[in-house]
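Here are some comments on the packing of nonpolar and aromatic side chains, written for reading alongside the model.

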Amino acid sequence: MKYLLTPEAEREIASRYEETVALLKELCQIPAPSNHEEKRAAWIKDWLENLGAQGVYIDEALNVVYPVNCENRNDIVVFMAHTDTVFPDTEPMPMKEENGRLYCPGVGDDTANVAVLLTTVKYIIEKKLRPACGMLFVLNSGEEGLGNLKGCRQLMKDYEGRVASVISLDGGMTRYCNKSVGSHRYLVEIKTEGGHSYGSFGNRNAIAVMSNLINALYSVKVPVDGDSKTTYNVGTVSGGTSVNTIAQRAAMLYEYRSDSKVCIDKMEKMFYSLIDAYRNMGVEIDVRVLGKRPCMGVVDPRAQEALEERFSTIMAAYNGGIVPKAGSGSTDCNIPFSMGIPSICFGGYSGSGAHTREESIELKSLIPGLKIVTASVLSYFRG
């Protein structure tokens, strides 16, 4: 069948399971919070160069980039997996293996996919294979949270006009992302005169004002654009000094998301209209944009359909015939999608508990995961 591995290649890829597990465990012990991926990036660069990879570099966004056959090419295919984790820890996080599962914060999202992609790259280097197009293997930074997709943004800037498609390895094997969910994220801070809870009673309390603003934000009816989905959330609230102090300051982190640019624009207008209303009431409010992820641009539907057909076929072939489901998501693909570049996001493992400290993966799922990722990459190679 088109795009699938030969029986010989399939057996050899499966035989690399143990080394992939060892690689995954080593990567898990290298902290890589968003915006501080330096240690993991340096380790990966050294690992690739020790295999004989030529031209590997770390860019200013802390992406590890390995270009293959890219000189003077405008048909570059990008395979990427993000090195950062959602956790702020700068020391190695606890890891344990139990009942066929590996437990560690960030083990699946996205360290397992980093390990699987690196194993695939090692196979290609050892076999001296050459792609029929230009290819970038990227272990990228800044996918999570306030990383704000900095790695993919940098990559798309550096290779602007030269990238034909982007494949982001993120998540598992039973679904793929074919539509981007955009988001706007803010730090909102309110300041009031405050004072002593008894002596200055009647002065405005920043926490009370913030509570009213949150209630107003949660009273909004989300806009609708066809079958779009739009959401909002206040993620954290902080402020105040003590039980007998009228709070002078309160702050919150607020976001809204949508897979429709029309709805994102309406949510932005609503948000700032509420902020302006409170300012007009004499409330001191500071708003800082923490990050914006774009929605879909205009992508050639035939090219996008061909991309999805290619990879859904591969995923089903090596995952017990399970046909993956398509859906929208907020991933590194947001950036190329916004630029009109056909893209897709899927992964090479099965796991649970992503973004929690109880995250784990099923170790044996790396075997079909390796086959899926290797077949996906080799579908662009000769010989």
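The points below take the cores before the aromatic rings.

1. Please keep in mind that this is a predicted model. Its largest nonpolar core has 63 residues, and those with the most contacts inside this core are Leu48, Phe79, Phe137, Leu366 and Tyr380. Helix 4, which spans residues 107-127, gives the most to this core, with 11 residues. Apart from this core lies another one of 27 residues, among them Ile190, Leu213, Ile285 and Cys295.

2. Leu366 deserves a look of its own: leaving aside residues up to four places away in sequence, Leu366 touches Tyr17, Thr20, Val21, Leu24, Ala112, Val116, Gly348, Tyr349 and Ile361.

3. The structure holds 13 aromatic pairs. The rings of Phe271 and Tyr272 have centres 5.1 Å apart and planes at 70°, so this pair is edge-to-face. Phe271 counts as buried because its relative accessibility is 0%, whereas Tyr272, at 27%, counts as partly exposed. Both residues belong to a cluster in which ring pairs also link Tyr186, Tyr254 and Tyr256.

4. A tilted aromatic pair is formed by Phe311 and Phe346, with 5.5 Å from centre to centre and 35° between the planes. Because Phe311 lies in helix 8 (residues 301-318) and Phe346 in strand 16 (residues 343-346), the pair ties together parts that are 35 residues apart in sequence. Phe311 and Phe346 are both buried.

5. Charged ends also sit over aromatic rings: that of Arg310 is placed over the ring of Tyr380, 4.1 Å from its centre, and that of Lys96 over the ring of Tyr103, 5.2 Å from its centre.

Notes
Residues are numbered from 1 along each chain as its sequence is written. This is a predicted model: local features need pLDDT of at least 70, side-chain atom pairs count only at pLDDT 80 or more; totals for chains, interfaces and linings use all residues. Side-chain values use heavy atoms; hydrogens and water are left out. A nonpolar core is a set of buried Ala, Val, Leu, Ile, Met, Phe, Trp, Tyr and Cys residues joined through side-chain atoms within 4.5 Å. Buried means under 20% relative accessible area, exposed over 50%, partly exposed in between (1.4 Å probe, protein chains only). Helices (H or I, at least four residues) and strands (E, at least two) are DSSP runs, numbered from the N terminus. Contact means heavy atoms within 4.5 Å. Rings of Phe, Tyr and Trp (its six-membered ring) pair if their centres lie within 6.5 Å; planes under 30 degrees apart count as stacked, over 60 as edge-to-face and the rest as tilted. A charge sits over a ring if NZ of Lys or CZ of Arg is within 6 Å of the ring centre and within 35 degrees of the ring normal.
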